[in-house]
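Colleague: I am new to this structure and would like some help in reading it. Could we go through a few features together?

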Amino acid sequence: MLNKDLLQMETKDVYANVTEKVKAFKYENPNAEIISLGIGDVSKPIVKPVIEAMHKAVDDLSSMDTFKGYGGYYGYDFLREAILKNEYQQYGFTKEEIYVSDGTKTDSTSILELFDKSSTVLLANPTYPIYRDGAAALNRKVEYTTLDENFVMEIPNKKYDIVYICSPNNPIGNAYNKKDLEKWVDYALKNEAVIIFDNVYQGFVRSKDIPKSIYEIEEAKKCAIELRSFSKTASFTGLRCSYYVIPNQIYKDINVVWKRRTMNRFNGASYIAQKAAEAVFLPQSQKLIKENIDYYLENAKILREGFKKAGYEVFGGIDAPFMWVKSKDQKTSWQMFNYFLKELNIIVIPGIVFGLAGDNYIRISALGKREDGIKCIERMLKNEEKN
Ligand code: PLP
């Protein structure tokens, strides 16, 4: 018998409908020059010092003296130590609280195995849809909270056991400030809840008042697990390497239990990916990575200003590579999608993909090429003039 829980997943593939509609349009309009502002993938390649470290790692595998096989379940010490030294020592963590993995997509839902099956899960509406379907596949009870006028999750007036917070946020592209996070840490402590803090876009934070980590809130060590990835910051979307922190303070023996589980389920991220990840922390890599992220943030600025000029209300895109664009005329997100595709040959992501509350919005991404973004703005403004 099939696992019924898997049938509860709402979406086969979040973007499946988008892809199908684009394919049909291309078939009918083979000469249309279609540009995507929908992509969630990066366009900049991996920086040179990281590539060099990978070449060296490949060579290590070619000799009996330096060969590496199974590498441990929680990540090589060299990488956990680099993560600790560069990112988490400042908050008082130890290596034993850090885990290396092969992608936050997997980590963000497999972490639910840490908690009792009866745990209730609270998500934002709209949300990164993987949390929703990941929880459904594990048969966890999921409810939603709305967002306030600043697109921050509203505190519910009842208890939930697990709360997902994504900041900087996908899809909206905003980021939570210290007060927002303090409010949630306070909720978690009062309700004995655990926050799963998806922080994969932390490298995009530029505003002074936006915490780069939830652990900037002192008490968060008692109630929050933080997930990070090399995907969007260091262009590892294809290479695959992520990491997360489980503070000892959350429950007694939490890391003993999770290590047992991880040892049972996972044989580690690849040596090559981990060697590449270690090289991400080199000063020369950091400089180049910052330049790449600055490029995306400049794209975001151009897109934001262009959409505003065309009369749209635009949110996000300052500390994240995404923007949330509101319909000017009460169009649904699929109507907006159709307008952009058919009139302008531009692909955008309809907000409803991320939840019902996203239905008057589209998500646009700044992770593509600068020239494509500029072309989109030109098309949009030209069309506005015509109408
Ligand atoms: N979390 C969020 C909010 C994302 O937007 C993404 C990727 O789009 C991921 C996690 C997945 O990251 P990874 O490539 O590490 O699996």
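Modeller: Gladly; we will look at the ligand, then at aromatic rings, then at the backbone. Please keep in mind that this is a predicted model.

Colleague: Let's start with the ligand. How many residues surround the ligand, and which are the closest?

Modeller: The shell has 14 residues, and the closest are Asp-198, Tyr-201, Ser-229, Ser-231 and Arg-240. By type, the shell divides into five nonpolar, five polar and four charged residues. Two helices, H5 (104–110) and H8 (231–234), each supply at least two residues of this shell.

Colleague: Which side chains have an N or O atom close enough to an oxygen atom of the ligand to make a polar contact?

Modeller: A polar contact needs a pair of N or O atoms within 3.5 Å. Among the side chains that qualify, Tyr-201 has an N or O atom 2.6 Å from a ligand oxygen. For Arg-240 that distance is 2.7 Å, and for Asn-170 it is 2.8 Å. As for cover, the ligand taken alone exposes 400 Å², and the protein buries 90% of that.

Colleague: And where does the ligand sit?

Modeller: You will find the ligand in the largest pocket.

Colleague: Now the rings. What describes a pair of aromatic rings?

Modeller: Two values do: the distance of the centres and the angle of the planes. In this model the count comes to 31 aromatic pairs. Take Tyr-201 and Phe-322: their ring centres are 5.4 Å apart and their planes are at 85 degrees, so this pair is edge-to-face. Planes over 60 degrees apart count as edge-to-face.

Colleague: Which parts does that pair tie together?

Modeller: Tyr-201 lies in the loop between strands E6 (194–198) and E7 (224–229), while Phe-322 is in strand E10 (residues 322–326), so the pair ties together parts that are 121 residues apart in sequence.

Colleague: Last, the backbone. What is the general pattern for phi and for peptide bonds?

Modeller: Most residues other than glycine have a negative phi, and most peptide bonds are trans. Here, the peptide bond from Asn-125 to Pro-126 is cis, with omega near 5 degrees. Pro-126 belongs to the loop between strand E3 (120–124) and helix H6 (129–137). The bond from Asn-170 to Pro-171 is cis too, with omega near 20 degrees, and Pro-171 is in the loop between strand E5 (162–166) and helix H7 (178–191). Asn-170 has already come up for its side chain, 2.8 Å from a ligand oxygen.

Colleague: And where is a residue with a positive phi?

Modeller: Look at Asp-253, which is not a glycine and has a phi near 65 degrees. Asp-253 is in the loop between strand E8 (242–245) and helix H9 (254–265).

Key
Residues are numbered from 1 along each chain as its sequence is written. This is a predicted model: local features need pLDDT of at least 70, side-chain atom pairs count only at pLDDT 80 or more; totals for chains, interfaces and linings use all residues. Side-chain values use heavy atoms; hydrogens and water are left out. A residue is near a molecule or strand if one of its heavy atoms lies within 4 Å of it. A polar contact is a pair of N or O atoms within 3.5 Å; within protein, one must be able to donate a hydrogen and the other to accept it, and residues adjacent in sequence count only if both atoms are side-chain atoms. Accessible areas come from the Shrake-Rupley method with a 1.4 Å probe; for residues, only the protein chains shown count as cover. On a 1 Å grid over the protein atoms alone, a cavity is a set of points where a 1.4 Å probe fits but cannot get out, and a pocket is an open set with protein on both sides within 12 Å along at least five of seven lines; lining residues have an atom within 4 Å of a point. A molecule sits in a cavity or pocket if more than half of its atoms lie within 2 Å of its grid points. Helices (H or I, at least four residues) and strands (E, at least two) are DSSP runs, numbered from the N terminus. Ala, Val, Leu, Ile, Met, Phe, Trp, Tyr, Cys and Pro count as nonpolar, Asp, Glu, Lys and Arg as charged, and the others, Gly among them, as polar. Rings of Phe, Tyr and Trp (its six-membered ring) pair if their centres lie within 6.5 Å; planes under 30 degrees apart count as stacked, over 60 as edge-to-face and the rest as tilted.
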